[in-house]
Amino acid sequence: LTRDIFSRYVEEKVRHMQELIGFTDPQAAQLKEMELQFLLDVQKAESCCWCNTGKRIRKLQATRKESLQKILDRDHFIKYDGIENDRIRKGDLRVE
């Protein structure tokens, strides 16, 4: 159930980002896989009573950022990261 919810969320998020930023379908497929795995790993870390949750999540975030930089070119990564972290307003982007 949770995986289905995460899958739908990731599908919508990546589709929307692709419309805004204009990365390729193969990149979108890689992003969907990476984003879904990230959410599942964060959920697992949050429910682990033996883990240092904060430290584990920060490590997952760093790994996710590295993966984003490998999947997207520099310009697309900056836009993706900027939108996600509210440094770029979605209305300010125009795919050309």
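Helices and strands are taken here as DSSP runs, helices of at least four residues and strands of at least two, numbered from the N terminus. The exercises below concern a predicted model.

**Exercise 1. The elements of the chain**

Task: State how many helices and strands the chain has, and in which order the elements run.

Solution.
1. The secondary structure amounts to four helices and zero strands.
2. Read from the N terminus, the order of elements is α-α-α-α.
3. The chain has 96 residues, of which 33% count as buried.
4. Among contacts between residues at least 6 apart in sequence, 58% join residues at least 24 apart.

**Exercise 2. The contact of helix 3 with helix 4**

Task: Determine how helix 3 and helix 4 are oriented to each other, and which residues meet.

Solution.
1. Two packed helices are described by the angle between their axes and the distance between the axes.
2. For helix 3 (residues 53-71) and helix 4 (residues 74-84), the axes come within 9 Å and cross at roughly 140°.
3. Angles over 145 degrees count as roughly antiparallel, and 65 to 115 as roughly perpendicular. The crossing of roughly 140° belongs to neither range, and helix 3 and helix 4 are therefore oblique to each other.
4. On the side of helix 3 the contact involves R64, K65, L68 and Q69, and on the side of helix 4 it involves F77, Y80 and E84.
5. Sorted by class, the residues of this contact are three nonpolar, one polar and three charged.

**Exercise 3. The contact of helix 1 with helix 4**

Task: Describe the crossing of helix 1 with helix 4 and give the classes of the residues in contact.

Solution.
1. The axes of helix 1 and helix 4 come within 11 Å, with a crossing of roughly 125°.
2. That angle makes helix 1 oblique to helix 4.
3. The crossing of helix 1 past helix 4 is right-handed.
4. Helix 1 takes part through K13, V14, M17, L20 and I21, while helix 4 takes part through H76, K79, Y80, I83 and E84.
5. The contact of helix 1 with helix 4 holds six nonpolar, one polar and three charged residues.

**Exercise 4. The nonpolar cores**

Task: Identify the residues with the most contacts inside the largest nonpolar core, and the helices that supply this core.

Solution.
1. The largest nonpolar core has 18 residues, and those with the most contacts inside it are V14, I21, F23, L31, L68, L72 and Y80.
2. At least two residues of this core come from each of helix 1 (2-21), helix 2 (25-46), helix 3 and helix 4.
3. Helix 1 gives the most, with six residues.
4. For L72, with neighbours within four places in sequence left aside, the contacts are F23, Q27, L31, F77 and Y80.
5. Another core, of five residues, lies apart from the largest one and includes F38, V42, A45 and I57.

**Exercise 5. V42 and L36 in helix 2**

Task: Decide whether V42 and L36 are buried or exposed, and list what each touches beyond four places in sequence.

Solution.
1. V42 lies in helix 2, and L36 is likewise found in helix 2.
2. Buried means under 20% relative accessible area. V42, at 13% relative accessibility, therefore counts as buried, and L36 is buried with a relative accessible area of 13%.
3. Not counting residues up to four places away in sequence, V42 touches I57 and L60.
4. V42 and L60 are 18 residues apart along the chain, and their C-alpha atoms are separated by 7.2 Å.
5. With the neighbours within four places left aside, L36 is in contact with R3, F6, S7 and V10.
6. L36 and E11 are 25 residues apart in sequence, and 8.9 Å apart in space from C-alpha to C-alpha.

**Exercise 6. Two buried charged residues**

Task: Locate E35 and K13, classify their burial, and list their contacts.

Solution.
1. E35 is in helix 2, whereas K13 is in helix 1.
2. The relative accessible area of E35 is 3%, so E35 is buried.
3. K13 also counts as buried, at 17% relative accessibility.
4. Apart from residues up to four places away in sequence, E35 touches V10, K13, V14, R64, Y80 and E84.
5. On the same terms, K13 is in contact with E35, R64, Y80 and E84.

Methods: Residues are numbered from 1 along each chain as its sequence is written. This is a predicted model: local features need pLDDT of at least 70, side-chain atom pairs count only at pLDDT 80 or more; totals for chains, interfaces and linings use all residues. Side-chain values use heavy atoms; hydrogens and water are left out. Axes are lines fitted to C-alpha atoms, for helices over the stretch in contact, and angles run from 0 to 180 degrees between N-to-C directions. Angles under 35 degrees count as roughly parallel, over 145 as roughly antiparallel, 65 to 115 as roughly perpendicular and the rest as oblique. Contact means heavy atoms within 4.5 Å. Ala, Val, Leu, Ile, Met, Phe, Trp, Tyr, Cys and Pro count as nonpolar, Asp, Glu, Lys and Arg as charged, and the others, Gly among them, as polar. A nonpolar core is a set of buried Ala, Val, Leu, Ile, Met, Phe, Trp, Tyr and Cys residues joined through side-chain atoms within 4.5 Å. Buried means under 20% relative accessible area, exposed over 50%, partly exposed in between (1.4 Å probe, protein chains only). A crossing is left-handed if the near helix is turned anticlockwise from the far one by less than a right angle, and right-handed if clockwise.
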